[in-house]
Amino acid sequence: MPGVDGGVVFPPEELRKWTEEIFQKVDVSKEDSALLTDSLIEANLRGVDTHGITRMLTVYVNRILSGVMSPKTKLDIVREKPSTALIDCNNSIGQVASDYAMNLAIQKAKNTGTAFVATTHSNHYGAAAYWSMKALEHGMIGFSATNGPASFAPTGGRTPMLGTNPFSVAIPAGRELPFVLDLATTVVARGRITLYAKQNKELEPGWAFDEMGRPTTDPHKALKGLLAPIGGYKGYGIALAIDMISGVMTGSKYGTHFPGFLADNLKDPTDVGSVFAAVSIDSFMDLPDFQEAMDAAIREVKNCAKAEGVERIYVPGEIEMGIRADRLANGIPLPEAVLTDFVALGRELGVAFPGE
């Protein structure tokens, strides 16, 4: 599980209720608090703790209290065609803007077959899969991607110029679980390094470099240095493409133009750009036929001859669904360091943390 090695376990609904109340205390509307909380709790349930309340809750609250992220929603469509739109988010909460954008892409795709919606002047939007998966219930393929502050260097360099720039693709199936790919263009997200540093836990080799571009397993040196891209120069290329589409094309920040990392810079808006797409399956094939074909393809992959010592082959999204089932039944773990922060935050805002 990304960044979390156990801790104190809490029922998801207790954490959900408390988190919603925390956001409402900092002037986020009840409706927006519910959406924002759901995106974070779902990330925790799926084991993506780097994008759940475990890491992001206190960051978002601090940014709102510092005045660098607006708790109020103001979304303006500044360009629109039948299958596209660009939304100026006016520094609104990233998840609220993303929900509007993804839903708009889905509605447009119902009419045009495919749709592409982008957001500008937005904020961190949480886990990429939360948005791509919204298309599944509509019989569509979903896609989302976003950029962010520079955390790794182009191939051959040692100056941070590219963000982790995650993307997600969700494809519906029939009896099998849907295919859900969600990954950063670095070996691990910077949030995992942050969580490891909070726990003083050593990194895996190959995850990061220090300020001089030397490999390191020290999370504190890694936070001052560089993340490692996936697949070397290939990861660099993918990250650059996402930065150009999410940042350059939308008129948002990109590369080195970001004002700093979320938790470190409490003076300037992030000005993130994100993109969302929906593809209606019935534009290409009847949905039942596609679902049957997807089931067959997934089963072929899962029945591949296994390497020595391997018990099971997974498809993207399957492990997360297993974690989700376990955490729904048994609770979400919070490391002691995170729990301490939550108790302090609850006392500061007058919302007692569960068990206090």
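## Strands, cores and a pocket in a predicted model

Mentor: Alanine 208 stands opposite threonine 216 in S9. Please bear in mind that this is a predicted model.

Trainee: What makes strand S8 (residues 208-209) and S9 a pair?

Mentor: Pairing requires at least two bridges between two strands. Two bridges join S8 to S9, so the requirement is met. The two strands run antiparallel.

Trainee: Why are strand S9 (215-216) and strand S10 (226-227) said to stand at the edges?

Mentor: The open sheet of three strands has the order S9-S8-S10. S9 and S10 each have a single partner strand, so one side of each lacks a neighbour in the sheet.

Trainee: Why is strand S6 (residues 167-171) described as largely enclosed by the rest of the structure?

Mentor: A residue is called buried when its relative accessible area is under 20%. Five of the five residues of S6 are buried, and the strand is therefore largely enclosed. Phe167, Val169 and Ile171 point one way, Ser168 and Ala170 the other way, and all are buried.

Trainee: How do you know that S6 pairs with strand S5 (residues 140-146) and with strand S7 (residues 179-183)?

Mentor: The threshold is again at least two bridges. S5 and S6 pair over four bridges in the antiparallel sense, with serine 144 opposite serine 168. S6 and S7 are antiparallel as well, over five bridges, and there phenylalanine 167 stands opposite leucine 183. Both pairings therefore satisfy the threshold.

Trainee: What makes Leu57 notable in the largest nonpolar core?

Mentor: Of the 54 residues in that core, Leu57 and Phe353 touch the most other members. Helix H4 (residues 94-112) gives the most to this core, with eight residues. Apart from it lies another core, of eleven residues, including Phe152, Leu162, Leu203 and Ala208.

Trainee: Which residues does leucine 57 touch, not counting those up to four places away in sequence?

Mentor: With that exclusion, leucine 57 touches Trp18, Thr19, Ile22, Phe23, Gly52, Phe342 and Leu345. Contact here means heavy atoms within 4.5 Å.

Trainee: Which residues are closest to the centre of the second largest pocket?

Mentor: The volume of the second largest pocket is about 280 Å³. Of its 14 lining residues, Glu42, Ala129, Tyr130, Met133 and Lys134 are the closest to the centre. Helix H2 (30-45), helix H5 (128-132) and helix H10 (318-330) each supply at least two lining residues, and H2 has the largest share, four residues.

Trainee: How many residues of each class are in that lining?

Mentor: The lining of the second largest pocket has seven nonpolar, one polar and six charged residues.

How values were computed: Residues numbered from 1 in each chain as written. Predicted model: local features only at pLDDT ≥ 70, side-chain atom pairs only at ≥ 80, totals over all residues. Heavy atoms only, no water. 1 Å grid on protein atoms, 1.4 Å probe; cavity = no way out; pocket = protein on both sides within 12 Å on 5 of 7 lines; lining within 4 Å. Points joined across faces, edges and corners; volume = space filled by probe spheres on them. Nonpolar A, V, L, I, M, F, W, Y, C, P; charged D, E, K, R; others polar. Core = buried A, V, L, I, M, F, W, Y, C linked by side-chain atoms within 4.5 Å. Buried < 20%, exposed > 50% of the residue type's maximum accessible area, 1.4 Å probe, protein only.
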